[in-house]
Amino acid sequence: RDTAGHARAGQETHRLPAFSAKGPPSPPAFCHNSNEPLGRVSNHREGFGSVETADGVGLCRAEALVPEMVPISPRYDNRCRHLTASEVAQKLSQGLECVIRFRLERGVQPFQDLVYGWSKHEVAEVEGDPVILKGDGFPTYHLASVVDDHHMGITHVLRGTEWLASTSKHLLLYKALGWEPPQFGHLPLLLNKDGAKLSKRQGDIFLERFARDGFLPEALLDMVTNCGSGFAEKQMGRTLEELISQFEVSRITTHSALLDLEALPEFNRIHLSRHIENQGLRQKLVRELRGLVELVYGQQQVDPDVLEEEYVERVLLLRKGHISLLKDLVSSDYSYLWVRPSVSRQQLQTISAEVDKIGKLVSGLLTRPAAALTVEELNRELRSVQKQTRETKYSSMMQLLRLALSGQQHGPSVAEMMVTLGAEEVCGRIHRALSS
C-alpha cells in the first residue's frame with residue numbers, strides 16, 4: 001500500500017481476468033487520504049500523534065542493538081509522547097524530517113474475529129507507539145489500510161493470521177478517527193506441501209511468474225481455495241461464480257492450508273478446456289498460440305497454412321483435455337503440427353514392405369467423395385484398410401502412418417493426427433515420404 005512498485009504490481013495482478021477488482025489507488029492517493037485524518041487523530045485524546053525527528057528514530061534503532069539497553073525485548077520507549085505543542089512547533093520550524101506516531105492506550109476492547117472468535121491484544125503493553133506516517137510523507141500499513149478501507153466502504157476484511165495481533169491497534173485507530181470499523185476475519189497460513197512456511201526464498205511464487213508460464217488466473221484461484229477451507233467439500237474446477245455462491249465464512253477453519261503446486265497443471269487443464277469450449281475465449285487462445293508458433297518455430301520452414309485461424313482452432317479443439325498449458329502445443333511432441341517431418345521411404349519400409357499399397361489405400365480413403373473426417377469414422381475405416389493388406393498388422397500400419405505424418409513414435413492417435421492435419425496435408429506427407 002505504500003510504494004509505486006507495489007501499486008503497479010497490484011494493478012497488473014488485478015488485470016488478470018479472474019480477479020475482478022478495481023485495483024489499488026496510486027501512492028499519492030494514499031498520501032492524500034491518509035494525511036486528511038491526521039489532524040483528527042492529533043486532536044483526539046486517544047489518538048495523540050506524537051512527532052519525532054528522523055534522528056530520534058535512528059537513535060532508538062541503534063539502542064535496540066545494544067543488549068544491555070533492552071533487558072526484555074526491543075521496543076520504542078515513547079520518548080516523544082510527552083513533547084509539548086511548543087516543543088513540537090520548535091522542532092518543525094527547524095525543518096527537521098519527522099515521523100508521526102499513534103499513541104497506544106491500555107484497556108483495549110475485545111473484538112470477535114470471524115475465524116478465531118473473541119480476541120484481544122494489549123498492544124500498549126508489548127510495543128511502543130507505532131509510526132503511522134513516515135518521514136517521506138508516506139503512510140505505514142497501519143494507517144493506510146484503515147483509511148483506505150474506510151473510504152472504499154469495506155465491510156469485511158479477510159487477511160492473514162499474522163495481522164491478528166495488530167487488529168486491536170487498528171481498532172484503536174478507527175476509534176480515534178470516529179469511524180465504524182469493518183468486521184475482521186483472519187485466515188490461517190498458506191504453507192508449502194511439506195508444512196514449511198511459504199516463502200519466495202523457497203521458489204518463485206509470484207503471480208507474475210505463473211502468468212508468464214501460462215497458468216490461468218481461474219486455475220490459481222481454484223487451486224488455492226481448494227487447498228484451504230470455507231467450503232462444504234473439496235472440489236476441482238470451480239468457477240469464480242461457484243466459489244462465490246458456495247463460500248461460507250463460518251466454514252473457515254484455523255488449520256493452515258497446504259499448497260500443492262504439483263496439482264496446479266491439473267487445475268489448469270480443467271480451466272483451459274473450458275476456455276477452448278468458449279468461442280470468445282477460444283479466439284483469444286488462437287491468437288496466443290499463433291504467436292507461440294512463430295516464436296518457437298519462426299526460424300524453421302513453417303507453412304503459412306498452419307497459422308490459418310481455422311487450422312489453429314482445429315488443433316485446440318482436438319487437443320482439448322489433453323494439454324495442461326497452451327505452450328504444450330509448441331513442445332517437441334507437437335512439432336509435426338507446425339513443421340513437416342523429414343521421413344524417408346527406407347524408414348517406412350523397415351516397418352512394412354507394403355508401404356506403397358498402404359499409402360495408396362489411405363490416400364484413396366481421404367480423397368473419396370464425402371469422406372468422413374471424424375476421429376471415430378477414421379478409426380473404423382483404418383481397420384478396413386488394414387484388412388486389405390496381406391502381411392501388415394494393424395499396430396504396424398499405425399506405426400508406419402504415425403512416422404510418415406509426424407516423424408515420431410508416440411503422440412495422439414493416427415486418426416486424430418489425420419483430422420487435425422486435414423486430408424490434403426496427410427496425402428502430401430505420405431506422398432513425400434514415399435518419394436524421398
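Buried here means under 20% relative accessible area, exposed means over 50%, and partly exposed is in between (1.4 Å probe, protein chains only). The model is a predicted one, so to speak of local features takes pLDDT of at least 70, side-chain atom pairs count only at pLDDT 80 or more, and totals for chains, interfaces and linings use all residues. Residues are numbered from 1 along each chain as its sequence is written, and side-chain values use heavy atoms, with hydrogens and water left out.

**View 1. Helix 12 and what sits over it.** Helices are DSSP runs (H or I, at least four residues), numbered from the N terminus. Helix 12 covers residues 264-277, and its buried residues are Leu264, Phe267, Asn268, Ile270, His271, Leu272, Ser273, His275 and Ile276. Among the elements covering them are helix 9 (207-212), helix 10 (217-227), helix 13 (279-297) and helix 14 (309-319). Contact, here and below, means heavy atoms within 4.5 Å. As for length, take 1.5 Å times one less than the number of residues: the 14 residues should span 20 Å, and the end C-alpha atoms are indeed 20 Å apart.

**View 2. The largest nonpolar core.** A nonpolar core is a set of buried Ala, Val, Leu, Ile, Met, Phe, Trp, Tyr and Cys residues joined through side-chain atoms within 4.5 Å. The largest one has 64 residues, and Leu289, Trp338, Leu348, Val362, Leu382, Leu401 and Met418 have the most contacts inside it. Helix 18 (residues 394-406) chips in the largest share, eight residues. Zoom in on Leu401 and, not counting residues up to four places away in sequence, you'll find it touching Ile358, Val362, Leu382, Val414, Met418 and Ile430. A second, separate core of 22 residues includes Phe102, Phe111, Leu164 and Leu171.

**View 3. Helix 18 meets helix 20.** Their axes (lines fitted to C-alpha atoms over the stretch in contact, with angles from 0 to 180 degrees between N-to-C directions) come within 8 Å and cross at roughly 100 degrees. That makes helix 18 roughly perpendicular to helix 20, a label for angles of 65 to 115 degrees. Leu401, Ala404 and Leu405 of helix 18 make the contact with Val426, Arg429 and Ile430 of helix 20.

**View 4. Two glutamines.** Gln283 is found in helix 13 and counts as buried at 19% relative accessibility. Leaving aside neighbours within four places in sequence, Gln283 is in contact with Glu309 and Glu313. Gln235 lies in the loop between helix 10 and helix 11 (240-246) and is partly exposed, at 27%. With the same neighbours left aside, Gln235 is in contact with Asp222, Asn226 and Gln246.

Definitions and conventions. Angles under 35 degrees count as roughly parallel, over 145 as roughly antiparallel, 65 to 115 as roughly perpendicular and the rest as oblique.
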